Amino acid sequence: MKITLVCHDIPYPAIHGGRVDMWRRIKAFSKIGVELQLICWFDKIPQPGEVAEIKKYVSSTYFIPFKYDLSTKASRLLNLFRYPLEVTSRLVGGEQLNHLVSKVRGFQPHVIWLDGIHGGDIASKLSHHFDIPIVTRCHNIEHLYYQRLFASAIGTSKIKRYLSLAHLETYEKSLLKNSLLFYDISAEDLKFWKSHGFKNGRYLPPLMEVYQSHSQNKFHQNINPDARYDVVFLGNLYSNNNVAGIIWFITQVLPEIRRHFSHIKVLIAGAKPINKIRQLCEETEGVDISINPPSSTDIYNSGRVLINPVLTGSGVSIKSLEMLMAGKPIVSTPQGIAGLPLCVRQYFKIASDTQSFATAIVNLLSNSEKIRIEPKLLESLFGTQVIHEVVSDIKSLI
């Protein structure tokens with residue numbers, strides 16, 4: 001089977017949750033013999049080593065740079081009358097579209113897999129041109145997600161999020177309606193779409209890499225007294241909900257923790273921090289920042305307690321699943337575990353307000369609590385075997 005993937009972002013290096021979700025699925029498709037073509041957008045030109053890693057799993061690639069010249073900006077302004085902001089940066093036309101069509105014609109896919117709805121215009125054009133179906137991967141209920149981002153946005157980003165919302169609900173619903181199937185990251189989000197009359201949805205959880213060395217053992221969540229940091233957060237440092245959660249933690253939760261641990265050390269790590277986060281970390285005593293860390297494992301190993309302070313969002317928090325694999329105690333808001341199966345939520349300390357979040361961290365730092373996690377449970381819920389079912393579903397319909 002041949003699949004052309006239209007990914008809203010370059011999937012590798014997998015430095016944040018959205019990329020992790022795409023990248024692991026690419027590897028899983030490749031592992032079971034699906035031949036893949038990748039179309040994606042990028043800000044930073046991928047390094048030769050990064051391209052080489054992608055090509056281990058993908059036989060054909062087409063990378064599209066985001067453009068910021070005056071002509072492109074003018075075109076995007078006009079397109080805002082029809083499309084949401086994030087879609088306008090991913091529109092392809094003219095000679096570039098002709099070249100892309102030629103590239104896809106040479107590959108001869110059986111289906112277009114749209115990973116993230118913001119690349120939907122080109123996916124729809126390719127689907128129509130070659131008369132092949134679209135299968136869409138939903139990362140969130142996007143119009144609800146962006147409403148929450150708008151609510152948590154500050155400063156000029158409020159305007160940006162307003163433009164992100166323009167036409168988004170209509171665009172999203174039309175895209176899902178015209179998809180042969182759509183695979184939702186969250187069972188809860190899928191229920192939402194079913195309640196609105198959509199019958200072509202399926203549940204596809206994010207994938208975890210439960211390594212063979214863990215297959216016969218249990219992960220132990222326990223405090224490491226030799227860790228460099230008491231508290232660690234790892235996630236992108238630019239999305240409105242992550243930014244709001246980090247600001248809340250540093251300005252409100254951390255002072256409460258310091259009533260008990262005056263010399264607490266905190267690490268905030270992740271990709272592309274906005275100036276507000278850089279400044280807050282630099283000005284707050286005991287808080288370090290790590291920008292674009294090369295290894296999530298090293299970041300998690302450096303902490304005694306891991307946190308997910310995100311207050312708003314949608315879909316599933318990939319960072320929460322990654323923290324499970326780290327074998328450390330985790331404190332999360334209710335939003336941080338949204339979309340996860342009930343049997344997994346027991347491994348998180350859930351706290352919904354400033355005082356309870358601080359208390360949970362203090363208690364974990366004060367006690368050597370251990371929680372055993374069954375790798376076989378994680379494998380059954382988030383293992384790569386689900387990709388076999390996806391491919392079987394698509395083959396049965398095309």
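**Exercise 1.** How many bridges join strand β4 to strand β5, and in which relative direction do the two strands run?

*Solution.* The structure is a predicted model. Begin with the residue ranges: β4 covers residues 111–115 and β5 covers residues 134–138. Four bridges join them, and the two strands run parallel. One of the residues concerned is L114, whose bridge partner in β5 is T136.

**Exercise 2.** Place β4 and β5 within their sheet, and determine which strands form its edges.

*Solution.* The sheet is open and consists of seven strands with parallel pairing. Reading across it gives the order β3-β2-β1-β4-β5-β6-β7. The strands that pair on one side only are β3, residues 60–65, and β7, residues 201–203; these are the edge strands. From one strand to the next, the twist averages 20°.

**Exercise 3.** Describe how helices α10 and α18 are placed relative to the strands of this sheet.

*Solution.* Consider α10, residues 187–195, which packs on the sheet and touches β6 (181–184) and β7. The direction of α10 makes about 140° with that of β6. Turn next to α18, residues 386–397, which lies across β4, β5, β6 and β7. Helix α18 runs at about 165° to β6.

**Exercise 4.** Establish whether C7 takes part in a disulfide, and classify C7 and C281 as buried or exposed.

*Solution.* A search of the whole structure finds zero disulfides. For C7, the nearest cysteine sulfur belongs to C40 and is 6.4 Å away. A disulfide requires two cysteine sulfur atoms within 2.5 Å, and C7 is in no disulfide. For accessibility, the cut-off for buried is under 20% relative accessible area. C7 counts as buried because its relative accessibility is 1%. C281 is likewise buried, with a relative accessible area of 1%.

**Exercise 5.** Identify the backbone features at P13, H167 and N292, and locate each residue.

*Solution.* First, the peptide bond from Y12 to P13 is cis, with omega near 5°. P13 lies in the loop between β1 (2–7) and α1 (17–31).

Second, H167 is a residue other than glycine with a positive phi, near 65°. The loop that holds H167 is between α8 (157–165) and α9 (168–177). Because its relative accessibility is 35%, H167 counts as partly exposed.

Third, N292, also a residue other than glycine, has a positive phi near 50°. N292 is found in the loop between β11 (287–291) and α13 (296–301). With a relative accessibility of 42%, N292 counts as partly exposed.

Definitions and conventions:
Residues numbered from 1 in each chain as written. Predicted model: local features only at pLDDT ≥ 70, side-chain atom pairs only at ≥ 80, totals over all residues. Heavy atoms only, no water. Buried < 20%, exposed > 50% of the residue type's maximum accessible area, 1.4 Å probe, protein only. Pairing = 2+ DSSP bridges. Axes fitted to C-alpha atoms, helices over the stretch in contact; angles between N-to-C directions. Contact = heavy atoms within 4.5 Å.
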